[in-house]
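Q: Please take a close look at the way the helices pack in this structure, and set that packing in its surroundings. I would like one connected account, with a word on how far the model can be trusted.

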Amino acid sequence: MEKKMNEPYLSSVKNVMRILRLYKERQNELSVTEIANMIDVPKSTTHWYIKLLEKEGFLSKNPRTKRYRLGLALLTLGGVVFSHKDLYKEALPIVQNLVNQLDETAQICLLENDDVVYLFRTECSNPVRLLTQIGRRNPVHCTSEGLTILAFQDEKTIGSVLRNELHGYTPYTITDPVHLKTELENIKEKKYAISKDQYYQGFVGIAAPIYDFKETVVSSLSMIGPTSRITEDKYPIFIEKIRKAAGEISEMLGYYK
C-alpha cells in the first residue's frame, strides 16, 4: 500500500527531472507545448510542472519569446557553474557594449559559499590577467563583485561571512566585521560597490547587482582595472553605465522595476 501511495509522487519527480534534462547547448529554450510533446505528458500537467520549476528558480521564462530556459537556481548547486554559463549568453551583447564604451574588462560573477566565482568575462583592448578568469574564485569580502552580491543576501549568509576570518590582502582590506557590515549596508542602499586597493593594490573594481524575476540579487556585473586608468573622476560614469547594463541583464531575467 505504501508503495502504491508513493507512485504518483515518484512519477512527478521523474517528469520534473526529465524536463530539466531536455535542455542542451543548442536547445536552451522550449515552449510548454514542446516540453509536453517531448516528455509525452498532457499539456496541462506539463504546465503545472513548469510553474513549479519556475517558482523554485530552476526554469525562467524569457519575457520576449515566452519560452522557458534553465533558471539561475541551478547555478547555486555545486559543480554546475561552468556547464550552465550559456544562461548568460544573451547578456553577452550588453556586456560587450559596456566594454566598448569604457574599455575595461567586465565580468559576471556568482556567489558560491564564501567566494565569488567568475562565470564569464569580456576583455578590453588592454586586459590585465592578474585578477580574474573564468572559473576563478576570489574572496567575497574585498572585491566589488563579491560585496555587491553579499550586500543583498539574507542575514544568515552575511553573518556566516562576518564570522569567518576576514583576511587582509592589503593594508586597505576591511577586516573588521562591524566595519564590513556597515559597508554592506551602504552598498545595498546605493546599489553599487567600489573596491579600491582592497584585494590588489593599484586596482579598482566597480560592480552593480543583477536581479532575477523573484527580485533576488543572483549575480553581479563588474569592471576591474588599474587605478591609473579608472581614476576617481571617472567613477560616476562607470557607476552609471555599469548599473544601466546590469539593469538590462536583470530585465532579461524577468526583473522589471
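A: In this predicted model, helices α2 and α3 lie roughly perpendicular to each other. The axes of α2 (residues 32-39) and α3 (residues 43-55) are 9 Å apart and meet at an angle of about 110 degrees, and angles from 65 to 115 degrees are the ones counted as roughly perpendicular. On the α2 side the contact is made by Val-32, Thr-33, Ile-35, Ala-36 and Ile-39, while α3 contributes Lys-43, Thr-46, His-47 and Ile-50.

The packing of α4 and α8 is described by an angle of about 170 degrees, with the two axes 10 Å apart. Because angles over 145 degrees count as roughly antiparallel, α4 is roughly antiparallel to α8. From α4, the residues that make this contact are Ile-94, Val-95, Leu-98, Gln-101 and Leu-102, and they meet Phe-238, Lys-241, Ile-242, Ala-245, Glu-248, Ile-249 and Met-252 of α8.

This second pair leads into the interior of the protein, where the largest nonpolar core has 30 residues, and where Leu-98, Ile-108, Leu-221, Met-223, Ile-242 and Ile-249 have the most contacts inside that core. Two or more residues come from each of α4 (92-102), β3 (105-112), β4 (115-122), β7 (203-211), β8 (217-226) and α8 (235-252), and α8 supplies the largest share, eight residues. Such a grouping can be read against a general background: in soluble globular proteins, nonpolar side chains tend to be buried together.

Leu-98 belongs both to the contact between α4 and α8 and to the residues with the most contacts inside the core. When neighbours within four places in sequence are set aside, Leu-98 is in contact with Asp-103, Ala-106, Leu-221, Met-223, Lys-241, Ile-242 and Ala-245. Apart from this core lies another one, of 19 residues, which includes Ile-149, Leu-162, Ala-193 and Tyr-211.

Asp-103, one of the contacts of Leu-98, sits in the loop between α4 and β3. Most residues other than glycine have a negative phi, whereas Asp-103, although not a glycine, has a positive phi of about 55 degrees. Asp-103 is partly exposed, with a relative accessible area of 36%. Asp-197, in the loop between β6 (193-196) and β7, likewise has a positive phi, of about 65 degrees, without being a glycine, but Asp-197 is buried, at a relative accessible area of 14%.

As for the chain around these parts, there are eight helices and eight strands, and 49% of the 257 residues are buried. Among contacts with a separation of 6 or more, 57% join residues 24 or more positions apart.

How far can the model be trusted? The mean pLDDT of the chain is 84, and 85% of the residues reach 70 or more. Residues 1-5, however, have pLDDT below 50 and zero contacts beyond near neighbours in sequence. Over residues 78-84 the pLDDT also stays under 50, although the model has 12 contacts beyond four places in sequence for that stretch. Where pLDDT is low, the predicted coordinates should not be read in detail.

Terms used. Residues numbered from 1 in each chain as written. Predicted model: local features only at pLDDT ≥ 70, side-chain atom pairs only at ≥ 80, totals over all residues. Heavy atoms only, no water. Core = buried A, V, L, I, M, F, W, Y, C linked by side-chain atoms within 4.5 Å. Buried < 20%, exposed > 50% of the residue type's maximum accessible area, 1.4 Å probe, protein only. Helix = DSSP H or I, 4+ residues; strand = E, 2+ residues; numbered from the N terminus. Contact = heavy atoms within 4.5 Å. pLDDT = per-residue confidence, 0-100. Axes fitted to C-alpha atoms, helices over the stretch in contact; angles between N-to-C directions. Parallel < 35°, antiparallel > 145°, perpendicular 65-115°, else oblique.
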